[in-house]
Amino acid sequence: MDQVLQFVIEGRPLPRRAVAVTFDDGFADNYECALPILMHYGVPATFYIMVSAVESGDLPWYCRLNFALRTTSRPEWIDPAQHQTYKLSNGQEREVAFHRGCEIGARKVGCSQQEFVRSVEDSLDVEPCTSHLMMTWEQVRGIKKAGHTIGAHTLSHPNLAHISCEEAHAEIEGCKQKLEKAIGDTVDHFSYPHPALNPQWSPDTFQITRKVGFKSAVLTKCGPIRRGDEPLRLKRIYAANDLHQWTWNLDCTFVGRYI
Ligand SMILES: [Zn+2]
């Protein structure tokens with residue numbers, strides 16, 4: 001991401017067929033599966049860490065929600081905000097219920113977010129998944145030590161554009177400070193969570209990321225990066241599982257890099 005910044009801000013050329021590989025959230029498979037492959041091929045990557053998931057070892061709230069809705073033996077779920085009933089035996093309706101739950105959770109941070117997820121788990125009679133699926137701090141430090149970049153992905157993974165300015169400030173500044181303390185280095189790069197709802201950033205969140213000192217911020221919005229783009233609102237392109245799409249991505253991600 002440091003090289004991406006040099007390309008975007010200074011127009012410095014990138015190597016031919018360059019990609020910037022990024023991972024969000026801090027799942028343990030980033031360390032266990034992706035890291036050995038990246039090291040084997042000499043590919044540097046950026047890992048954006050959701051701090052509370054690493055601190056607690058718990059799954060992110062939206063994964064707990066998904067787990068509860070998929071594993072419950074209860075036939076239905078009632079949305080606590082709009083009191084709408086979803087039949088969970090119907091796969092499509094269960095998916096809609098999950099998206100509805102995400103819309104509610106995306107507006108919450110910290111304790112109130114935890115309370116919401118716990119209330120869903122209780123209402124569906126599901127114990128939270130206890131598998132260790134998130135990275136430990138030791139693994140985060142291991143990634144850094146292996147030469148990769150650690151970025152920040154908030155404390156509790158809300159949609160920052162749909163919470164208060166104070167909450168957004170605490171999430172953005174808090175994750176930077178905690179990560180810097182944990183890895184003993186500055187954290188310059190940020191990734192906007194996008195659990196649900198649009199948009200995922202606002203003029204306020206843009207100002208906050210700048211004020212707390214992030215140099216770049218990436219979105220889930222799909223698109224190429226061009227010279228002169230705003231570094232605190234960079235688009236990304238999802239990794240494709242189809243070879244032709246993947247080749248197209250490689251050719252088009254950094255538009256204008258040869259000029
Ligand atoms: Zn995320």
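In this predicted model, the loop that runs between strand β6 (189–191) and helix α9 contains P199, and the peptide bond joining N198 to P199 is cis, with an omega of about -5°. Most peptide bonds are trans, and most residues other than glycine have a negative phi. Departures from the second of these tendencies are found at D125 and T154: the phi of D125 is near 60°, while that of T154 is positive at about 70°, although T154 is not a glycine.

The surroundings of these two residues can be set side by side. D125 is placed in the loop between α6 (110–123) and α7 (137–145), and it is classed as exposed because 10 other C-beta atoms lie within 10 Å, where 12 or fewer is the limit for that class. T154, in the loop between β5 (149–152) and α8, has 25 other C-beta atoms within 10 Å and is therefore buried, the threshold being 20 or more.

The loop between β5 and α8 also holds P158, which counts as buried because it has 25 C-beta neighbours inside 10 Å. Leaving aside residues up to four places away in sequence, P158 touches A106, R107, K108, V109, Q113, I163, E171 and P193. The C-alpha atoms of P158 and C102 are 9.5 Å apart in space, although 56 residues separate the two in sequence.

Beyond this loop, helix α8 (residues 165–183) packs with helix α9 (residues 203–212) at an angle of about 35°, their axes being 10 Å apart, and the crossing of the two helices is right-handed. On the α8 side the contact is made by C165, A168, H169, I172, E173 and K176, which meet D204, T205, I208, T209 and V212 of α9. By class, the residues of this contact comprise five nonpolar, three polar and three charged.

At the level of the whole chain, the domain assignment gives domain 1 (2–57 + 132–255) and domain 2 (61–123), whose C-alpha centres lie 27 Å apart. Contact between the domains involves 11 residues of domain 1 and 12 residues of domain 2. The side of domain 1 that touches domain 2 is made up of five nonpolar, four polar and two charged residues.

In soluble globular proteins, nonpolar side chains tend to be buried together. In the present model the largest nonpolar core has 53 residues, and those with the most contacts inside this core are I49 and L65. Helix α4 (residues 61–71) provides the largest share of the core, namely six residues, and at least three residues are drawn from each of domain 1 (2–57 + 132–255) and domain 2 (61–123).

The two residues with the most contacts in the core, I49 and L65, can be described further through their surroundings. When residues up to four places away in sequence are not counted, I49 touches G26, V54, V140, I150, A152, H153 and L179. L65 is one of the buried residues of α4, which are W61, Y62, C63, R64, L65, A68 and L69. The buried residues of this helix pack against β3 (76–78), α5 (91–105) and α6.

Notes
Residues numbered from 1 in each chain as written. Predicted model: local features only at pLDDT ≥ 70, side-chain atom pairs only at ≥ 80, totals over all residues. Domains from an automatic or database assignment. Contact = placed C-beta atoms within 7 Å. Nonpolar A, V, L, I, M, F, W, Y, C, P; charged D, E, K, R; others polar. Axes fitted to C-alpha atoms, helices over the stretch in contact; angles between N-to-C directions. Helix = DSSP H or I, 4+ residues; strand = E, 2+ residues; numbered from the N terminus. Left-handed = near helix turned anticlockwise from the far one by under 90°. Core = buried A, V, L, I, M, F, W, Y, C linked by C-beta atoms within 7 Å.
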